[in-house]
Amino acid sequence: MPRALTPDLRLSHIAAARQQMLGQGTALSSPLIESWIERSWRRCLAWGQQPQHAVHFDVVNHAHVRRLQDEHQPLLYAAQHELDRLSRAISGTRYFALLTNAQGVVIDTRGDIDQQDTRATSIARIGVNLSEQQVGTTAIGAVLAEQRSVWLHRGEHFFNDNTAYSCAGAPLFSPQGDCIGMLDLTGIDVPERPELEHLAAQSARSIENALIQQTNPALLLRINWAGQALGSDNDGLVGLDADGFILCANQHARHITGLSTHPSLHAGDVFATAWQTLFDLKPTGNGVEIPLWSGLRIHVQAGTAQASV
């Protein structure tokens, strides 16, 4: 697959894919690019976009910026510290971070943004619309469409105007399981760094966990499969109200327990144990193993939201 290739051969595969699909309009004869990129290109073509069309970025006024900041205050607050940590991790790489809402509109930025390069300043602005419909294939549009983390490099972007960018992205999910935005890491005329996909996904998990902390449940359960240690951002988190109803959960917890989006479930519907005993767990303890109704066993630790995230 493309990521295992040398840099020059990687770019030649991308160029061949562009020639076949975007130049000649033929189906790709071999896996020159990831399948989700091909799907994105096809969506762009279906909207009447062409690679040679000029890309126009929004003009943003102060009133629009203020509205966005007010509307997304919980997400901005939850992301603040993680974006600061992230900017340290990418310092010196010429990559920078963008936080968007579910529509692909930038709501925050971090990192070393070259103010002399209009390719950077055009996109690293609060309020600019970087959705797939607006600027074609990017990590932003692809993440929001696919709801998974991605990496794409140079010519994998749809428009010719955007082929200097390299970017990673990861989705952000609300405590109720909706995709509410994404985290993007972008560089311009930089070496390919596909490992940034992992960094973006890790930072997204931290932001999601901070959002769960903001819900302030009566009890927050850290969960993982039986035998797995607890105490990191890789834990599943499930928040309960005082009556045992599930208020919130992160994506890892949903994958472990099979929780759907917007669950109106009680803890007793998920955990095959007396739910009241979960409130008896000591926050400073090592946790216990309990069964799910599926028969699988998980490791559970309890504590307040503030102590557990």
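In which strand is the place of Val-288? In this predicted model, Val-288 belongs to strand β9, which comprises residues 288–291. The relative accessibility of Val-288 is 33%, and the residue therefore counts as partly exposed. When the neighbours within four places in sequence are left aside, the contacts of Val-288 are with Leu-281, Ile-298, His-299 and Val-300. His-252, by comparison, stands 36 residues from Val-288 along the sequence, and the C-alpha atoms of the two are 18 Å apart in space.

A second strand residue, Tyr-95, is located in β1. Because its relative accessibility is 1%, Tyr-95 counts as buried. Neighbours within four places in sequence again being left aside, Tyr-95 is in contact with a list of residues that includes Ile-90, Asp-112, Trp-151, Ser-166, Leu-185 and Thr-186, and the same list also holds Gly-187, Val-190, Pro-191, Glu-192, Arg-193 and Leu-196. With Pro-191 there is in addition an approach between polar atoms, since a polar atom of the Tyr-95 side chain lies 2.8 Å from the backbone oxygen of Pro-191. Between Tyr-95 and Cys-167, which are 72 residues apart along the chain, the separation of the C-alpha atoms is 8.4 Å.

The loop between α4 and β1, where β1 spans residues 95–101, contains Ser-91, and Arg-94 is found in the loop between α4 and β1 as well. Ser-91 has a relative accessibility of 46% and so counts as partly exposed, while Arg-94, at 47%, likewise counts as partly exposed. From Ser-91 to Arg-39 there are 52 residues in sequence, and the distance in space, taken from C-alpha to C-alpha, is 33 Å. Arg-94 is set apart by its backbone, for its phi is near 70°, a positive value in a residue other than glycine. A positive phi is also found at Arg-154, where the angle is about 50° although the residue is not a glycine. Arg-154 is situated in the loop that runs between β3 (150–153) and β4 (165–173), and with a relative accessible area of 24% it is partly exposed.

A further loop residue, Asn-250, occupies the loop between β8 (246–249) and α9 (251–257). Is Asn-250 buried or exposed? Its relative accessibility is 5%, and Asn-250 therefore counts as buried. The side chains of Asn-250 and Asn-209 are joined by a polar contact of 3.0 Å. Residues up to four places away in sequence not being counted, Asn-250 touches Asn-209, Ile-212, Asp-235, Gly-236 and Leu-237.

Attention may now be turned to the helices. Two packed helices are described by the angle between their axes together with the distance between those axes. For helix α4 (residues 73–89) and helix α8 (residues 196–215), the axes come within 9 Å and cross at roughly 150°, and the crossing is right-handed. On the side of α4 the contact is made by Pro-74, Leu-75, Tyr-77, Ala-78, Ala-79, Glu-82, Leu-86 and Ala-89, and on the side of α8 by Leu-199, Ser-203, Ser-206, Ile-207, Ala-210, Leu-211 and Gln-214. By class, the residues of this contact divide into eleven nonpolar, three polar and one charged.

Helix α1 (residues 7–23) and helix α2 (residues 35–46) form another such pair, with axes that come within 11 Å and cross at roughly 35°. Here too α1 passes α2 in a right-handed crossing. Ala-17, Arg-18, Met-21 and Leu-22 make the contact from α1, and Glu-38, Trp-41, Arg-42 and Leu-45 make it from α2. The contact of α1 with α2 has five nonpolar and three charged residues, with no polar ones.

The cysteines remain to be described. How many disulfides are there? With a disulfide taken as a pair of cysteine sulfur atoms within 2.5 Å, the count comes to zero. Cys-44 is in no disulfide, and the cysteine sulfur nearest to its own, that of Cys-167, is 13 Å away. The relative accessibility of Cys-44 is 0%, so that the residue counts as buried. Cys-179 is in no disulfide either, the nearest cysteine sulfur being that of Cys-167 at a distance of 16 Å. Since its relative accessibility is 17%, Cys-179 also counts as buried.

Notes: Residues are numbered from 1 along each chain as its sequence is written. This is a predicted model: local features need pLDDT of at least 70, side-chain atom pairs count only at pLDDT 80 or more; totals for chains, interfaces and linings use all residues. Side-chain values use heavy atoms; hydrogens and water are left out. Axes are lines fitted to C-alpha atoms, for helices over the stretch in contact, and angles run from 0 to 180 degrees between N-to-C directions. Helices (H or I, at least four residues) and strands (E, at least two) are DSSP runs, numbered from the N terminus. A crossing is left-handed if the near helix is turned anticlockwise from the far one by less than a right angle, and right-handed if clockwise. Contact means heavy atoms within 4.5 Å. Ala, Val, Leu, Ile, Met, Phe, Trp, Tyr, Cys and Pro count as nonpolar, Asp, Glu, Lys and Arg as charged, and the others, Gly among them, as polar. Buried means under 20% relative accessible area, exposed over 50%, partly exposed in between (1.4 Å probe, protein chains only). A polar contact is a pair of N or O atoms within 3.5 Å; within protein, one must be able to donate a hydrogen and the other to accept it, and residues adjacent in sequence count only if both atoms are side-chain atoms.
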